[in-house]
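Visitor: Could you walk me through this one, and tell me how each term is earned?
Guide: Gladly; here it is.
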Protein chains: 2
Amino acid sequence: MQDLTPPLAKSGLPPCVLCQVRAIGVCAKADDNTLAKLERHKVYCSYPAGSTIVYAGDELKYAGTIMAGVACISHILEDGRRQAIGLMHPGNFLGRPGKDHAVYAIEAITDVTLCGFERKGFERLLLKAPELNDRLLEMMLNELDLARDWMLTLGRKTARERTCSLLVHLVYQQNSSIKDRTSSEDLIVDIIMTREQFGDFLALTLETVSRQFTLLKKDGFISPVGKTTFAIPDFRALIEEAGDDTDGDGLF
Amino acid sequence: MQDLTPPLAKSGLPPCVLCQVRAIGVCAKADDNTLAKLERHKVYCSYPAGSTIVYAGDELKYAGTIMAGVACISHILEDGRRQAIGLMHPGNFLGRPGKDHAVYAIEAITDVTLCGFERKGFERLLLKAPELNDRLLEMMLNELDLARDWMLTLGRKTARERTCSLLVHLVYQQNSSIKDRTSSEDLIVDIIMTREQFGDFLALTLETVSRQFTLLKKDGFISPVGKTTFAIPDFRALIEEAGDDTDGDGLF
DNA sequence: CGTGGTCTTGACACGATTCAAGCCCCGTGG
DNA sequence: CCACGGGGCTTGAATCGTGTCAAGACCACG
């Protein structure tokens, strides 16, 4: 986010009122006045799949919303051990109001487009616009719940349960209208990342992830469709296999 | 928190202006008007060590600040697997604005006293008092960072590193003025909980925790002082042993 | 002086990692 | 066109860390 080259020309940016992502972003509740201010300062920037958006330790110059693509926040120890701690989708907020430097790295898993604001300005606006502050609080509370659910996954679930958990999470992200779905047609999930990245989320090695996939295939929970996509014949069964008590949340 | 019996008589409650905890609580930035409203509706309630403050699934009637003692938030699977996901100290906020029912259980580790507000009223106040909202956002962002650091601990650290991590965390909580401490006098840490609870935080069994303590004693990182207290001859060394790159944060 | 809870320690089992080999697929260059 | 090389994936065998089960010690309390 600190590397804004090349920002798209402002004149070319789609206007906020037409923005599809706004309904679920920080700006969801912003009034006309606040929205106008955001609009005046927004910049779009894009990152190719695999690139790093923010390095740990970087000065945090920007904050913003994911417009398209999927990014990953991760925490890395000096000796190379890595733990992915957040999977960020369109509408999600990137940045950390109140901190000057990034603690975590952010990487683009797929191609990512961001709608960014200069951080200091955004923080000032946050103080003046309660609806913005309120919405951000709401989003951060959801992130906190997500992180806490994930802690259970990391701490107490087996490799198979973890693998299913992330699959379930991805299904929810990719099929927005799942809750009311009763039809029996197969769900399709695209795991978008490599086995290694998959393992980074679950604290598993790429070999273990691979083994779990073969087992899940053998047991009929998933069946390969494309290179990175699987069909899920029985989503309820997959949820069950993830060991979750609280199903249907889209959370871990 | 839903079980407020017996609330102390309101007339007997210490006034907010004299409150020691306020400096670090949600109400830290509240203006006189907001503070007066909070004061009018606050209730103190106490829970003995070991008791449950909120059960998962409970209706969330209250939100509030820990005045004294230490509590623990935890996530439990049906089959009994348990993961503690938050260690809450005086000043910390308990409750989840925006949700009607508790997702996690909260238990008192030591005797706990809470300063609580009726949740709906608190949420209404949150909308009207930007300083309150802003402060809560700040606190929740810190909680989020804490949870994410913890994910690294759970996912990627060894039993020894985890044990040291929690010890370091407890030291920071119990010795407020550690940052500028250069003196070589021994630090004392009280682990306040049982081996089992300790393990619930670290996703370890009580046996493993016990073994790690024995090893850490043998290696001179800790030495027993009382039943639940240890002296730490070399705090830097303990931090090093915790495997943290970012030391000195009081975080995991 | 027993009783129950907590802690320690040992022996063994098991799940995930590590190390290693080989496969598949795709892009590149001869 | 095919050979080559590399990245990602799969699979196997051995290893290691932590869990499980079990026994006994310690200590507070009735």
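Guide: Let us start at the DNA: the surface near DNA strand C divides into 4 nonpolar, 6 polar and 5 charged residues. This is a predicted model, in which local features need pLDDT of at least 70, side-chain atom pairs count only at pLDDT 80 or more, and totals for chains, interfaces and linings use all residues. Residues are numbered from 1 along each chain as its sequence is written, while chains are lettered from A and ligands numbered from 1 in the order in which they are written.

Visitor: What makes a residue nonpolar, charged or polar here?
Guide: Ala, Val, Leu, Ile, Met, Phe, Trp, Tyr, Cys and Pro count as nonpolar, Asp, Glu, Lys and Arg as charged, and the others, Gly among them, as polar.

Visitor: Which residues come nearest to DNA strand C, and why are they called near?
Guide: A:Ala159, A:Thr208, B:Thr194, B:Ser210 and B:Thr214 come nearest of the 15 residues around the strand. They are called near because the C-beta atom, placed from the backbone, lies within 6 Å of the strand.

Visitor: Which element gives the largest share of that surface?
Guide: Helix 6 of chain B, with 6 residues. A helix here is a DSSP run (H or I, at least four residues), numbered from the N terminus.

Visitor: How do you know that chains A and B are in contact?
Guide: Two residues are in contact if their C-beta atoms, placed from the backbone, lie within 7 Å; 35 residues of chain A meet that test with 35 residues of chain B, so the chains are in contact. Helix 3 of chain A supplies the largest share of its side, 20 residues.

Methods: Helix = DSSP H or I, 4+ residues; strand = E, 2+ residues; numbered from the N terminus.
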